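Tutor: Please look at the sequence and the structure below, and then let us work through them together by question and answer.

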Amino acid sequence: MPVTLDEAKEYLKVEYSDEDELIQSFILSAQQLCEDVLREPLTNDPVVKIAVLYAVGYLFENRITPNFTELTTMLKYILSSRRREVF
């Protein structure tokens, strides 16, 4: 797993454990989104970690009404150099 709960909480500046389950679910969703954008399994690449953390942050901040088109577009930009081409 490229991002741990502790890394995500540090990125989000969350110091309490009340939302650990929610953050963990955002990590799993973010990882799946990044895999979908990459078109391959995640690696321990620093760019992939940044993308996952970005997605976790986006989902955390926009938990009521997330815009997945906006999120996916940004992930495509972040991961463009790592994305597997499909022909």
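Tutor: Before we begin, helices and strands here are DSSP runs, with H or I over at least four residues for a helix and E over at least two for a strand, numbered from the N terminus. This is a predicted model, in which local features need pLDDT of at least 70 and side-chain atom pairs count only at pLDDT 80 or more, while totals for chains, interfaces and linings use all residues. Residues are numbered from 1 along each chain as its sequence is written, and side-chain values use heavy atoms, with hydrogens and water left out.

Student: In what order do the elements of the chain run from the N terminus on?
Tutor: The chain contains four helices and zero strands. Read from the N terminus on, its elements therefore give the order α-α-α-α.

Student: What is the radius of gyration of the chain, and what does the globule rule give for 87 residues?
Tutor: The radius is taken over C-alpha atoms, and the rule is 2.2 Å times the number of residues to the power 0.38. The two values are close, so the chain is as compact as a globular protein of that length: the radius of gyration is 13 Å, and the rule gives 12 Å.

Student: Which residues of helix α1 are buried?
Tutor: A residue is called buried under 20% relative accessible area, exposed over 50%, and partly exposed in between, with a 1.4 Å probe and protein chains only. The buried residues of α1, which spans residues 5–12, cover an arc of only 100° around the axis, where the arc is that of the directions from the helix axis to the C-beta atoms, and so they lie on the same side. On the other side of α1, Asp 6 and Glu 10 are exposed. The buried ones are Ala 8, Lys 9 and Leu 12.

Student: Which helices do the buried residues of α1 pack against?
Tutor: Packing is judged here by contact, which means heavy atoms within 4.5 Å. By that test, the buried residues of α1 pack against α2 (20–38) and α3 (46–61).

Student: Lys 9 is in helix α1, but what is its relative accessible area?
Tutor: Leaving aside neighbours within four places in sequence, Lys 9 is in contact with Val 14, Tyr 16, Ser 17, Asp 20 and Ile 23. Lys 9 counts as buried because its relative accessible area is 12%.

Student: Which residue that follows α1 has a positive phi?
Tutor: Most residues other than glycine have a negative phi. The residue after α1 has a positive phi of about 60° although it is not a glycine. It is placed in the loop between α1 and α2 and is exposed, with a relative accessible area of 69%. This residue is Lys 13.

Student: Which helix supplies the largest share of the largest nonpolar core?
Tutor: A nonpolar core is a set of buried Ala, Val, Leu, Ile, Met, Phe, Trp, Tyr and Cys residues joined through side-chain atoms within 4.5 Å. The largest one has 26 residues, and among those with the most contacts inside it are Ile 23, Cys 34 and Val 52. The helices α1, α2, α3 and α4 (68–79) each supply at least two residues of this core. The largest share, 10 residues, comes from α3.

Student: Which residues does Cys 34 touch, not counting residues up to four places away in sequence?
Tutor: Cys 34 is one of the residues with the most contacts inside the largest nonpolar core. With residues up to four places away in sequence not counted, it touches Leu 42, Ala 51, Val 52, Leu 75 and Leu 79.

Student: Asp 45 is found in the loop between α2 and α3, so which side chain does a polar contact join to the side chain of Asp 45?
Tutor: A polar contact is a pair of N or O atoms within 3.5 Å; within protein, one must be able to donate a hydrogen and the other to accept it, and residues adjacent in sequence count only if both atoms are side-chain atoms. Asp 45 is buried, with a relative accessible area of 18%. At 2.6 Å, its side chain is joined to that of Arg 82.

Student: With which side chain does the side chain of Glu 70 make a polar contact?
Tutor: Glu 70 lies in helix α4 and is partly exposed, with a relative accessible area of 45%. At 2.8 Å, its side chain makes a polar contact with the side chain of Tyr 58.
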